[in-house]
Every structure is written in structure tokens, then in C-alpha cells.
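Student: Could we go through this one together, side chain by side chain? I'd like the cut-offs spelled out as we go.

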Amino acid sequence: MPLTPLDIHNKEFTRGFRGYDEDEVNEFLDQVIKDYEAVLREKKELFERVTDLDEKLDHFKNIEETLNKSILVAQEAAEEVRRSAQKEAQLIVKEAEKNADRIINDSLAKSRKVMMDMEELKKQASVYKMRFKMLIEAQLEMLQSDDWNEVTEEEEVYAERT
């Protein structure tokens, strides 16, 4: 068990013939007591400081652990957001490709229909032209026929009679 300042103070030495000078021993012991008390006070203060620092260290370790967990959660959340954004981007691209294919197919179908309509109109125009030509030729033939001359002569005779 460690000595206390009181133990040092109360220590009695046996006296022998021609022993130590009592005043000198007492002065020395008083100095030892003062120094020992100072050491004990310093030890107590240091113990309290160590205890306080240990508590702070535990607190900061808890904060560090919490921050590390928060960082991990944030990283996982960021990774999840990145994956979701990537999936969404892929879906948007696929949808855009489908829309582009649909638009192209619709345009091709419309283009084919326009081409077919145009061909049909060309045929109709050709038929119309041929019929109109035949009509004109028939009318020309009729004008050049002898029957037309007879009609005009009859009109002249009729006009003269009236």
C-alpha cells in the first residue's frame, strides 16, 4: 500500500546513540511531505484529465463511427441513384428508338401510299389524255365527214328559205 503524506509525517524513528540530527530529519521529512502531496495532487489531476480525455475520445469515436456509417449510407444512396438514372436513361433510349422506328415505318408507309397514289394519278391522266384524244379525233373525223357538209348545206338552204 502506498505511503500517504500523513504516514510520512507520523513516522517515528528509533533513536540511537549519536543518531541523526532530529531537526535536519524533520526538515527533510517536511520537504518530502510537500513534494509527495504535490505529486499526489498532480496524479489526481492527471487521472481526472485522463478520465475526461477518455470520455471525449469515446465521444469522438462514436462520432467517427456515425460519420463512417453516414458516409457509407450516402455512398450506397448515390450508387443507387446512379444505377436508377442509368436504368432510366436506358429506358428512355429504348423508348426513343421505338418511337423513331415507328415514325420511320409510318413515314415509309405514307411515302409508299403517296407513290401509289401518284402512279394511279399518272395512269388516270394517261387514260384521260387517251380518251380526250380519241374524243377530239372522233370530233375531227365528224367535222371532216360528208355528213357535216350536208348539215351545213341544209342549214344554208333553210336560211335562204326563211
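Tutor: Sure, and we'll start with a definition: a salt bridge is a side-chain nitrogen of Lys or Arg within 4 Å of a carboxyl oxygen of Asp or Glu. Keep in mind that this is a predicted model, where local features need pLDDT of at least 70, side-chain atom pairs count only at pLDDT 80 or more, and totals for chains, interfaces and linings use all residues. Residues are numbered from 1 along each chain as its sequence is written, and side-chain values use heavy atoms, with hydrogens and water left out.

Student: Which residue meets D117 in a salt bridge?

Tutor: Look along helix α2, where the two partners sit four residues apart, about one helical turn. Helices here are DSSP runs of H or I with at least four residues, numbered from the N terminus. The N to O distance is 3.2 Å, and the partner of D117 is K113.

Student: How far apart are the closest N and O atoms of R83 and E80?

Tutor: These two are three residues apart in helix α2, so about one helical turn separates them. They also belong to a network of salt bridges that links E79, E80, R82 and R83. For R83 and E80, the closest N and O atoms are 2.8 Å apart.

Student: Is D52 buried or exposed, or partly exposed?

Tutor: Buried means under 20% relative accessible area, exposed over 50%, and partly exposed in between, using a 1.4 Å probe and protein chains only. D52 shares a salt bridge with K56 (3.7 Å, N to O), and K56 has a relative accessible area of 42%. D52 itself comes out at 35%, so the label is partly exposed.

Student: How many salt bridges does the count come to?

Tutor: We've met a few of them, including D52 with K56 and D117 with K113. By the 4 Å rule, the count comes to eight.

Student: Why is the pair of Y128 and F132 called stacked?

Tutor: Rings of Phe, Tyr and Trp (its six-membered ring) pair if their centres lie within 6.5 Å; planes under 30 degrees apart count as stacked, over 60 as edge-to-face and the rest as tilted. Both residues lie in helix α2 (residues 22–144), four residues apart, about one turn of the helix. The count comes to one aromatic pair. Its ring centres are 5.9 Å apart and its planes are at 10°, so the pair is stacked.

Student: What is the area of the nonpolar surface patch made by F60, I63, L67 and I71?

Tutor: Patch residues have over 30% relative accessible area and no salt bridge; nonpolar side chains (Val, Leu, Ile, Met, Phe, Trp, Tyr) are joined within 5 Å, like charges within 9 Å. L67, in helix α2, has a relative accessible area of 49%. Areas come from the Shrake-Rupley method with a 1.4 Å probe, and for residues only the protein chains shown count as cover. The patch covers about 380 Å².

Student: Which charge gathers in the surface patch that includes E153?

Tutor: E153 is in helix α3 (residues 146–161) and is partly exposed at 48%. Lys and Arg count as positive and Asp and Glu as negative, with His and the chain ends not counted; a charge is placed at NZ of Lys, CZ of Arg, CG of Asp or CD of Glu. With D146, D147, E150, E154, E155, E156 and E160 also in the patch, the charge is negative.
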